[in-house]
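User: I have a structure here and would like to learn how to read it. Can we take the features one at a time?

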Amino acid sequence: MKKILHFDKTAINAMENRYRANFINSVTGYKSANLIGTISSDGIENLAVFSSVTHLGSNPSLIGFITRPTTVPRHTYKNIHQTKEFTVNHIHTDIIKNAHQTAARYDEHISEFDAVGLDANYIDSCKAPFVAQAHIKIACKFVNEYAIKENGTVLIVGAINEVFLPESALENDGWINLEATKGVTINGLDSYSKPQLLDRLSYAKPDHPITSIRNK
Ligand SMILES: Cc1cc2nc3c(=O)[nH]c(=O)nc-3n(C[C@H](O)[C@H](O)[C@H](O)COP(=O)(O)O)c2cc1C
């Protein structure tokens, strides 16, 4: 039989800091993998990897992400305050190292695009830079922020303004096949995985058997 480990709150609190960060960042499961692109009011580009981007609702189309405590300079946060815009760019299998390197604490005057070897591109309707190499890109307008008082983090809420994606990844019912775009998922704080699509399933209703809706 497999040995099951059990950690109570005391045991978790007693973990060495880095160990606990790895443990807690992995324990809730796989996370989204995105690069957030911003620009300062002086025109300095910024790019950083975020695993906390999540959908908040589709009508209106809102997303959110968590930014760490702003006790040290957070360029993404500062730029969003200045310009009210940001882009969300999916990380895929070919750019995981470049993407990960954006987590390094670069000086404010350095563009992570140049530092990690990714290209910025722009559209007229959005000040913030996109990652040219990304396959799925979203332009967002800042809507609001909520302080998480318990630990000093901040939930940033953005409205989705524009989406770019390959036609081949979009199915008739609006579902996006992320496997087709080579999208990755983040496990913890330093691991990137390639998910495999198992099935698409019918809308769950009481007393209705679940069926596969893949290739329908
Ligand atoms: C895999 C991974 C996921 C991360 N997710 C987040 C996150 O969700 N929120 C956050 O504030 N920082 C996150 N970070 C840390 C930022 O990428 C890092 O602090 C970066 O330097 C922030 O850049 P900025 O100061 O230019 O905004 C993550 C780092 C890694 C390696």
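Analyst: Start at the ligand. Strand E3 gives the largest share of the shell around the ligand, four residues. Keep in mind that this is a predicted model.

User: Which residues come nearest to the ligand?

Analyst: A residue counts as near when its C-beta atom lies within 6 Å of the molecule. Here 18 residues surround the ligand, and Ala48, Ser52, Arg68, His75 and Thr76 come nearest. E3, E5 and H3 are the elements that give two or more residues to the shell.

User: How many residues of each class are in that shell?

Analyst: Sort them by side chain. The shell has eight nonpolar, seven polar and three charged residues.

User: Now the sheet. In what order do the strands run?

Analyst: Read a sheet strand by strand, by pairing. Seven strands form an open sheet in the order E3-E2-E6-E9-E10-E5-E4, with antiparallel pairing. Strands E3 (45-50) and E4 (54-58) stand at the edges, each with a single partner strand, so one side of each has no neighbour in the sheet. From one strand to the next, the twist averages 35°.

User: How many bridges join E2 and E3?

Analyst: Count bridges for each pair. E2 (residues 34-39) and E3 pair in the antiparallel sense over six bridges. Ile36 has Ala48 in E3 as its bridge partner. Ala48 is also one of the residues that come nearest to the ligand.

User: And what about E6, E9 and E10?

Analyst: Use the same approach. E6 and E9 pair over five bridges, antiparallel. Thr87 stands opposite Ala139 in E9. E9 and E10 pair over 11 bridges, also antiparallel. There, Lys137 has Phe164 in E10 as its bridge partner.

User: What links E9 and E10?

Analyst: Look at the turn. E9 and E10 form a hairpin with four residues between them. Gly152 in that turn has a positive phi of about 80°.

User: Where does helix H3 lie?

Analyst: Ask which strands a helix crosses, and at what angle. H3 (residues 75-83) lies across E2, E3, E5 (61-67), E6 (85-90), E9 (137-148) and E10 (153-164). H3 runs at about 50° to E2.

User: Finally, how do I judge the whole protein?

Analyst: Compare the radius of gyration with a compact globule. For 216 residues that rule gives a value near 17 Å; the protein has 19 Å, which agrees. The C-alpha trace spans about 60 × 50 × 30 Å along its principal axes. Buried residues make up 25% of the 216. The protein has five helices and 12 strands.

Methods:
Residues are numbered from 1 along each chain as its sequence is written. This is a predicted model: local features need pLDDT of at least 70, side-chain atom pairs count only at pLDDT 80 or more; totals for chains, interfaces and linings use all residues. Two strands pair if DSSP finds at least two bridges between them. Axes are lines fitted to C-alpha atoms, for helices over the stretch in contact, and angles run from 0 to 180 degrees between N-to-C directions. Two residues are in contact if their C-beta atoms, placed from the backbone, lie within 7 Å. Ala, Val, Leu, Ile, Met, Phe, Trp, Tyr, Cys and Pro count as nonpolar, Asp, Glu, Lys and Arg as charged, and the others, Gly among them, as polar. The radius of gyration is taken over C-alpha atoms; the globule rule is 2.2 Å times the number of residues to the power 0.38. A residue is buried if 20 or more other C-beta atoms lie within 10 Å of its own, exposed if 12 or fewer, and partly exposed in between; C-beta atoms are placed from the backbone.
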